[in-house]
Amino acid sequence: MIPRTYNLIVKKWKTVKRQIEKTIVGAFVIDKKSHTIVEPHNVHYKNLQKCYLIAFYLSTFADWLQGPYIYKLYADYGYTDDTIALLYITGFASSCLFGTIIGQMADRFGRKLLCSTFGIFYSLCCLSKISSKFTILFIGRILGGISTSILFTTFEAWYVNEHLNFYKLPPEWLNNTFTRATFYNGLSAIVAGITAQILAEYFNFGPVSPFLFAIPFLIASLLVIQSTWKEHSAVQQKSSSSLISSFFEPIRLLFQDDFLLLFLGIIQSVFEAVMYAFIFSWTPILTNLKPPLGLIFSMFMVSLMAGSKLYASLISQHYYPQNLLIFTTVLSAFSFCLVTLSLTNIVVHVETHDLEPSTMTSMSLLCLSAFLIYEFSVGMYYPAMGYLRSRIFPEECRALLSNWFRVPMNVITCLTLLIKEGNHAREFISLKKFQLLFSICTVMLVGTICLSVLFAKKYSKKIIQDELNDLRTGKSQPSETV
């Protein structure tokens, strides 16, 4: 009797042990599997990705066409640096003020509709550049701010909803799409920069020509969206909910799910605010090198593309996106620390009146190297952040949340634009301002490192808990290939 009872207990124990091992190890295996990046063979996925990326590439190409010559266009119209800065600030303030409204409209009335209006708004913005009147240019900048809010939030929100909620595709395949979007976005930026230069200078069409050349691509994007995109709302909006209550719904969500949304939102806001501070600062900092700006810009984009490729490679080796986000913030903080130290070194030498040309050149080269490292980190940041947003942003307010997190970025960018380039007597003062700016940005990026570590721990815990719940309820896991 005792041996039989003993054997039964041992058998039961082994069964329970296998179930425990399956649950614990299986959760990690499934989680590891869910973050791999493979080339899936699914017709629906291929078609959906193609529809999204074609429209996205056309839109971003048109956006990149305008960047190199917007300052020159305003200068040729006879506007001072202060007025040009005001026009720049108008665009970011417009994105800040109207972005959240745009996001709410997208979630409530359809993201395809809002993405279609992008082509119209941005075309009008480009057409406004024909006029030299300040009022027309001012209105154009407002339309441009609204357009960029749609481009960088609503496009992604539409795709994630179709991918996860309508086609029920595995979430790990999002890594593939976001990596491709980042890589070819960098490539299109290089092609757009070269195209704009050829139009404006080689053919001598003037700085307004890239803006006019962008309009056909915006119209093509509109046609692609209207002809290939479909709208499948995954969440029915409550008829009783008012526009005001739904507008402030994201604030309540920030403090749920162990503050995951709050942590990720702060990381996004700070990282992208620092990115725009870099965009408006790298040219005056590298002035001493007298570099061909087109070549430097191309080098930045190649670094960004390399970063996106490394992200894809690491994901394929089962590195988690939340851990790669930590690496990205560490790399960006390191690069900005190098820039801060270089600027500090220059300021100290200027104050002691012993600045040698060789020292200035070497410090400027160090800044350039640091900027390339930073662009590399940006190339890893975009696909990682896009994937993590898709996993934790609630579907009912995905676009609205994305725009809410762009508000601090736009505010900080406007403050950055208030720092003017120095010349002659004010050159040293301007240099100290950039030193202060990059010091602040370095501290902010160190803060994102801490938040990224906290987020990764909480997110990993949530993933494992979700997998355990799925195992208990018997839900099947998505396969890697179909």
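Helices and strands here are DSSP runs, of at least four residues for a helix (H or I) and at least two for a strand (E), numbered from the N terminus.

**Figure 1. Overall view of the predicted model.** The protein has 18 helices and zero strands. Of its 482 residues, 52% are buried. Its accessible surface is about 22400 Å², and carbon and sulfur atoms account for 67% of that area. Taking contacts between residues at least 6 apart in sequence, 87% join residues at least 24 apart. Five salt bridges are counted in the model.

**Figure 2. Nonpolar surface patch on helices α4 and α5.** L97, F98, I101, M105, F109 and L113 make up a nonpolar surface patch of about 580 Å². Helix α4 (residues 81-109) supplies the largest share of the patch, with five residues. L113 belongs to helix α5 (residues 111-127). L113 has a relative accessibility of 49% and therefore counts as partly exposed.

**Figure 3. Surroundings of Y77 in the loop between α3 and α4.** Y77 is found in the loop that runs from α3 (70-76) to α4. Its relative accessibility is 26%, so Y77 counts as partly exposed. Apart from neighbours within four places in sequence, Y77 is in contact with K129, I130, S131, S132 and L137. One of these residues, S132, is 55 residues from Y77 along the chain, yet the two C-alpha atoms are separated by 5.9 Å.

**Figure 4. T83 in helix α4.** The side chain of T83 makes a polar contact of 3.1 Å with the side chain of T80. T83 counts as partly exposed, because its relative accessibility is 22%. F134 is 51 residues from T83 in sequence, and their C-alpha atoms are 9.2 Å apart.

**Figure 5. Salt bridge between D76 and K72 in helix α3.** The closest N and O atoms of D76 and K72 are 3.8 Å apart. The two residues are four apart in helix α3, so about one helical turn separates them. Both ends of the pair are partly exposed: D76 has a relative accessibility of 47%, and K72 has a relative accessible area of 38%.

**Figure 6. Salt-bridge network of D107, R111, E395 and R398.** Side chains of opposite charge can pair when their charged atoms come close. Within this network, the side chains of E395 and R111 meet in a salt bridge with an N to O distance of 2.4 Å. This pair links distant parts of the chain, with E395 in the loop between α15 and α16 (398-404) and R111 in helix α5, 284 residues apart. E395 and R111 are both buried.

**Figure 7. Salt bridge between R389 and E156.** The closest N and O atoms of R389 and E156 are 2.6 Å apart. The pair links distant parts of the chain: R389 lies in helix α15 and E156 in helix α6 (residues 134-166), 233 residues apart. R389 is buried, as is E156.

**Figure 8. T359 in helix α15.** Helix α15 (residues 357-392) contains T359. With a relative accessible area of 18%, T359 is buried, because buried means under 20%. Residues up to four places away in sequence aside, T359 touches N345 and H349.

**Figure 9. Helix α13 and the residue H318.** Helix α13 (residues 293-316) contains 24 residues. From its first C-alpha to its last, α13 reaches 35 Å, close to the 34 Å expected at 1.5 Å a residue. Just after α13, H318 takes a positive phi of about 75 degrees.

Technical notes: Residues are numbered from 1 along each chain as its sequence is written. This is a predicted model: local features need pLDDT of at least 70, side-chain atom pairs count only at pLDDT 80 or more; totals for chains, interfaces and linings use all residues. Side-chain values use heavy atoms; hydrogens and water are left out. Patches are made of residues with over 30% relative accessible area and no salt bridge: like charges are joined within 9 Å, nonpolar side chains (Val, Leu, Ile, Met, Phe, Trp, Tyr) within 5 Å. Accessible areas come from the Shrake-Rupley method with a 1.4 Å probe; for residues, only the protein chains shown count as cover. A salt bridge is a side-chain nitrogen of Lys or Arg within 4 Å of a carboxyl oxygen of Asp or Glu. Buried means under 20% relative accessible area, exposed over 50%, partly exposed in between (1.4 Å probe, protein chains only). A polar contact is a pair of N or O atoms within 3.5 Å; within protein, one must be able to donate a hydrogen and the other to accept it, and residues adjacent in sequence count only if both atoms are side-chain atoms. Contact means heavy atoms within 4.5 Å. The expected span of a helix is 1.5 Å times one less than its number of residues.
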